[in-house]
Amino acid sequence: MATTQLTASSISAKGFASFEGLRSTTNLKVSSFAPLKQNSRSFHGLVVKASTVVSPKYTSLKPLGDRVLVKIKTAEEKSVGGILLPMSAQSKPQGGEVVAVGEGHSIGKTTVEISIKNGAQVVYSKYAGTELEFDGSKHLILKEDDIVGILETDDIKDLQPLNDRVLIKVAEVEEKTSGGLFLSQAAKEKPSFGTVIAVGPGPLDEEGKRKALSVSPGNTVLYSKYAGNDFKGADGSEYITLRASDVIAVLQ
């Protein structure tokens with residue numbers, strides 16, 4: 001099978017939809033390429049369904065090692081006002097209920113059990129794990145370390161971070177410049193500092209013991225600009241969860 005490298009400049013054929021900004025640094029194997037209809041529109045994004053469907057003949061699924069099976073929380077189909085949301089406007093849920101856990105993992109000669117129990121409501125990293133269609137519902141199987149924290153309410157401010165995760169309330173965006181001019185929404189730069197709300201118990205060391213984090217609730221911190229997962233609180237405030245290693249400095 002031939003191997004072809006595609007870029008925006010290498011695709012030009014009558015009857016094909018245009019590819020906007022397509023860049024690739026990896027090789028793409030092409031087995032077939034069928035022309036599209038003349039009236040086809042440009043592609044603005046690519047959606048790939050990655051769910052693995054588990055046959056109904058299997059009635060149980062046991063994660064191995066430090067993996068956890070989570071039943072995904074169903075995405076909201078309506079807005080607060082009761083308006084039906086199109087699929088493009090429905091945010092992918094990042095939480096669910098733990099329904100099975102593995103036996104844990106080994107650190108040296110120490111066996112560390114998974115700290116999360118069945119029934120816990122958890123929040124996990126956005127792109128973590130493998131999605132499964134199992135027992136008629138969507139599930140996700142992922143490593144325990146990909147779980148950000150436990151959330152028993154609907155408000156992210158109540159999150160209990162796990163391991164080396166930190167929950168931060170993002171500082172409010174400046175409305176004016178230093179000269180007193182009001183900023184438009186597009187000109188407002190998202191801040192990369194805020195107040196620590198809660199911290200995890202810390203990562204495990206080589207002996208399987210927890211190592212305390214260097215930041216504490218109440219600290220005002222500066223963090224890496226593109227790190228973590230963003231959330232909006234029930235009161236409209238912005239929050240972010242990230243690893244303690246992504247915290248750059250404590251502001252005093």
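**Exercise 1.** Determine how strand S5 and strand S8 are joined, and place S5 in its sheet.

*Solution.* Strand S5 (residues 95-101) and strand S8 (residues 121-124) run antiparallel and are joined by 3 bridges. Strands here are DSSP runs (E, at least two residues), numbered from the N terminus, and two strands pair if DSSP finds at least two bridges between them. Within this pair, Gly96 stands opposite Val122 in S8. Next, the sheet: S5 and S8 belong to an open sheet of 8 strands with mixed pairing, in the order S3-S9-S10-S4-S5-S8-S11-S12. Strand S3 (52-53) and strand S12 (160-161) each have a single partner strand, so one side of each lacks a neighbour in the sheet.

The model is predicted: local features need pLDDT of at least 70 and side-chain atom pairs count only at pLDDT 80 or more, whereas totals for chains, interfaces and linings use all residues. Residues are numbered from 1 along each chain as its sequence is written, and side-chain values use heavy atoms, with hydrogens and water left out.

**Exercise 2.** Identify the strand that supplies the largest share of the largest nonpolar core.

*Solution.* A nonpolar core is a set of buried Ala, Val, Leu, Ile, Met, Phe, Trp, Tyr and Cys residues joined through side-chain atoms within 4.5 Å; buried means under 20% relative accessible area (1.4 Å probe, protein chains only). The largest core has 16 residues, and those with the most contacts inside it include Val98, Val122 and Leu142. S5, S8 and strand S10 (137-143) are among the strands that each supply at least two residues of this core. The largest share, 3 residues, comes from S4.

How values were computed
Helix = DSSP H or I, 4+ residues; strand = E, 2+ residues; numbered from the N terminus. Buried < 20%, exposed > 50% of the residue type's maximum accessible area, 1.4 Å probe, protein only.
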